[in-house]
Amino acid sequence: MAMLLEDIVQSVEMWLKLIKKPQPYVDPDLDPVLLVPGIAGSILNAVDDQNGKEERVWVRILGADYKFRTKLWSRFDPSTGRTVSLDSSTNIKVPEERYGLYAIDVLDPDMIIGRECVYYFHDMIVEMINWGFQEGKTLFGFGYDFRQSNRLQETLDRLAAKLESVYKASGGKKINIISHSMGGLLVKCFMGLHSDIFEKYVKNWIAIAAPFRGAPGYIASTFLNGMSFVDGWEQNFFISKWSMHQLLIECPSIYELMACPNFHWQHIPLLEIWREKEGCDGIPRIILESYRPGESIDIFKEALSGNLVNYDGENIPLPFNLEILKWAKETHNVLSNAKLPSGVKFYNIYGINLETPHSVCYGSEETPVTDIQDLRFIQPTYVCVDGDGTVPAKSAKADGLHAEARVGVPGEHRGILCEPHVFRILKHWLRAGDPDPFYNPINDYVILPTAFEMENHHEKGLQVTSLKEEWEIVSEDQDNLDGVASRRPFVSSISVSEGGNKQSSRSEAHATVIVHPQNEGKQHVELNAVSVSIDA
């Protein structure tokens with residue numbers, strides 16, 4: 001009976017622990033962190049100037065395409081450098097709730113099924129709170145209108161005010177900026193144009209998956225075909241690729257992501273088109289035309305020369321915008337000339353091990369392109385290089401700055417924000433929590449324990465203990481470990497014995513270590529061990 005009562009008490013105690021929400025751990029000694037997202041990484045609200053009504057237009061599922069076209073479609077104003085919504089009564093605003101984190105956490109908070117597809121910094125925010133960061137004290141976000149140029153003064157003024165407010169809210173502590181993707185270009189523009197403010201408030205800048213020299217293949221096809229923000233079945237309920245295409249043609253930020261023309265690419269990114277042309281003898285031939293980044297501008301101009309959208313009953317031409325291109329060239333100059341202030345440390349994490357578009361090809365030898373304006377309706381093929389699926393590793397590594405460390409992590413462009421390997425590295429660089437004994441900062445690799453099993457049993461007066469443990473190694477320079485395990489598993493044995501005068505003191509242990517070959521940037525290590533001792 002007593003045992004039954006004890007079971008009931010234990011059950012009630014467990015229930016009480018479950019219903020009482022635990023208080024999050026807060027580390028008061030942490031330096032503040034400001035998270036800066038990339039393109040399409042901020043919630044955008046449309047505010048009606050007449051009645052003040054505010055509604056989310058990016059991201060949303062219900063009525064997504066209609067609201068996107070009526071509220072976000074825009075035109076570039078070369079006199080100000082801003083892109084302005086076609087709806088003159090609408091202003092675009094970034095929500096500031098939760099100290100800026102709301103806008104960059106879950107991009108559609110109303111979405112329930114398939115919510116992970118609209119996560120942005122969500123997993124990182126959860127992880128950092130577990131490390132002891134606190135919203136409004138040591139953890140902040142900076143969302144922005146990603147349609148605009150990365151050097152638009154309005155955005156830079158907001159960022160300057162944000163840095164000052166974070167500095168004051170944290171008690172005068174300098175800030176760790178963590179940027180993702182195009183957010184790295186925004187931060188670098190700010191650093192180049194306002195280095196005094198940057199040095200005053202910033203301690204460290206960690207760039208993740210930043211397209212420092214552009215995303216050639218991805219952006220070239222975006223100009224001609226648009227892009228999809230989500231993949232899979234969710235596309236059916238989201239913004240159409242065509243609607244997104246019409247927005248991006250008028251976005252300075254997209255032009256600023258084009259391949260940097262002055263960068264020394266290992267392989268020059270090309271726009272290639274299979275075309276049928278008549279030879280000198282009058283006989284038509286199929287040829288492959290190749291255009292370098294600067295030369296491809298004429299193709300974009302011709303392909304988009306007839307591009308129109310119907311807005312409120314009016315046909316509006318949206319060709320390739322040469323005024324934006326001119327603006328973007330000046331942005332590239334700002335980025336090229338930006339210098340890291342002496343008091344700030346810079347770190348770079350970039351994605352690797354995924355096929356990443358570099359050159360783009362339209363048509364084929366069997367089905368050549370007959371009209372350049374048809375490129376908008378042709379699905380391209382790609383010549384790929386190593387990267388994160390969007391940004392080539394070569395571009396992401398070429399930050400042009402003095403970096404404390406550059407680390408390649410296997411991961412997809414947006415998915416890298418929820419990679420455990422990235423969390424491990426960030427935790428070390430931010431000095432959050434206890435020192436990590438599994439992280440080696442000198443060689444820039446992470447050792448992750450992935451399995452641990454141990455069993456004890458007695459047999460014929462012997463105590464037998466078996467142990468199995470596994471690790472995963474992720475390294476920036478994958479060649480460093482090739483000598484350990486290049487093509488087949490490397491197996492090693494270890495034996496240890498301990499003896500004495502008495503029979504009861506004798507024991508032995510034997511272990512086998514298996515180091516597997518690298519696979520997709522990871523190396524698996526297994527330890528199997530058994531110890532035997534005479535049971536005292």
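**Exercise 1. Find out how well helix α7 is covered, and by what.**

Let's start with the count: α7 is mostly covered, with nine of its ten residues buried. Keep in mind that we're working on a predicted model.

Step 1. List the buried positions. In α7 they are Pro 216, Gly 217, Ile 219, Ala 220, Ser 221, Thr 222, Phe 223, Leu 224 and Asn 225.

Step 2. Look for the cover. The elements over these buried residues include the helices α8 (241-248), α9 (252-255) and α10 (296-303), along with the strands β10 (271-278), β15 (354-362) and β16 (381-387).

Step 3. Check what comes after the helix. Gly 226 follows α7, and its phi is positive, near 85 degrees.

**Exercise 2. Work out the strand order of the six-stranded sheet and describe its pairings.**

Step 1. Write down the order. This open sheet reads β7-β1-β8-β9-β14-β17, and the pairing is parallel. As a reminder, strands of a sheet pair through backbone hydrogen bonds, either parallel or antiparallel.

Step 2. Spot the edges. β7 (139-141) and β17 (405-410) are the edge strands, each pairing on one side only. On average, neighbouring strands in this sheet are turned by 20 degrees against each other, direction ignored.

Step 3. Go through the pairs:
- β1 and β8 run parallel and share four bridges; Val 33 has Asn 176 of β8 as its bridge partner.
- β8 and β9 are parallel too, paired over six bridges, and Ser 179 sits opposite Ala 207 in β9.
- β14 (residues 345-352) is joined to β17 by six bridges, again in parallel, with Gly 351 opposite Val 409 of β17.

Step 4. Add the helix. α3 (residues 122-131) lies across β1 (33-36), β7, β8 (175-180) and β9 (202-208), and runs at about 170 degrees to β1.

**Exercise 3. Which way do the residues of β8 point, and how many of them are buried?**

Step 1. Count first: six of the six residues in β8 are buried, which makes the strand mostly covered.

Step 2. Split them by direction. Ile 175, Ile 177 and Ser 179 point one way, while Asn 176, Ile 178 and His 180 point the other way. Both sets are buried.

**Exercise 4. Place Ala 209 in the fold and decide whether it is buried or exposed.**

Step 1. Locate it. Ala 209 is in the loop between β9 and α7 (216-225).

Step 2. Apply the cut-off. Buried means under 20% relative accessible area, and Ala 209 comes out at 0%, so it counts as buried.

Step 3. Check its surroundings. Leaving aside residues up to four places away in sequence, Ala 209 touches His 180, Ser 181, Ile 349, Tyr 350, Asp 388, Val 391, His 413 and Ile 416.

Step 4. Compare sequence and space. Ala 209 and Gly 411 are 202 residues apart along the chain, yet their C-alpha atoms are 9.7 Å apart.

**Exercise 5. Take apart the salt bridges of Glu 289.**

Step 1. Recall the principle. Side chains of opposite charge can pair when their charged atoms come close.

Step 2. Take the first partner. Glu 289 forms a salt bridge with Arg 275, with 3.2 Å between the closest N and O atoms. Because Glu 289 lies in strand β11 (residues 284-291) and Arg 275 in strand β10, the pair ties together parts 14 residues apart in sequence.

Step 3. Take Lys 277. Glu 289 forms a salt bridge with this residue as well, the closest N and O atoms being 2.8 Å apart. Lys 277 also lies in β10, so this pair ties together parts that are twelve residues apart in sequence.

Step 4. Sort the three by accessibility. Glu 289 is buried at 11%, and Arg 275 counts as buried at 18%. Lys 277, at 39%, is partly exposed.

Step 5. Put this in context. The structure holds 21 salt bridges. Among them is Arg 147 with Asp 145 (2.8 Å, N to O), and both of those residues are buried. Glu 55, Arg 60 and Lys 67 are linked in a salt-bridge network.

**Exercise 6. Where is Val 530, and what patch does it help make?**

Step 1. Val 530 is in strand β23 (residues 522-534), and its relative accessible area of 32% makes it partly exposed.

Step 2. Together with Leu 462 and Val 532, Val 530 makes a nonpolar surface patch of about 180 Å².

Methods. Residues numbered from 1 in each chain as written. Predicted model: local features only at pLDDT ≥ 70, side-chain atom pairs only at ≥ 80, totals over all residues. Heavy atoms only, no water. Pairing = 2+ DSSP bridges. Helix = DSSP H or I, 4+ residues; strand = E, 2+ residues; numbered from the N terminus. Axes fitted to C-alpha atoms, helices over the stretch in contact; angles between N-to-C directions. Contact = heavy atoms within 4.5 Å. Patch = residues over 30% accessible without salt bridge, like charges linked within 9 Å, V, L, I, M, F, W, Y side chains within 5 Å. Areas by Shrake-Rupley, 256 points an atom, 1.4 Å probe, with all protein chains shown as cover. Salt bridge = Lys/Arg side-chain N within 4 Å of Asp/Glu carboxyl O. Buried < 20%, exposed > 50% of the residue type's maximum accessible area, 1.4 Å probe, protein only.
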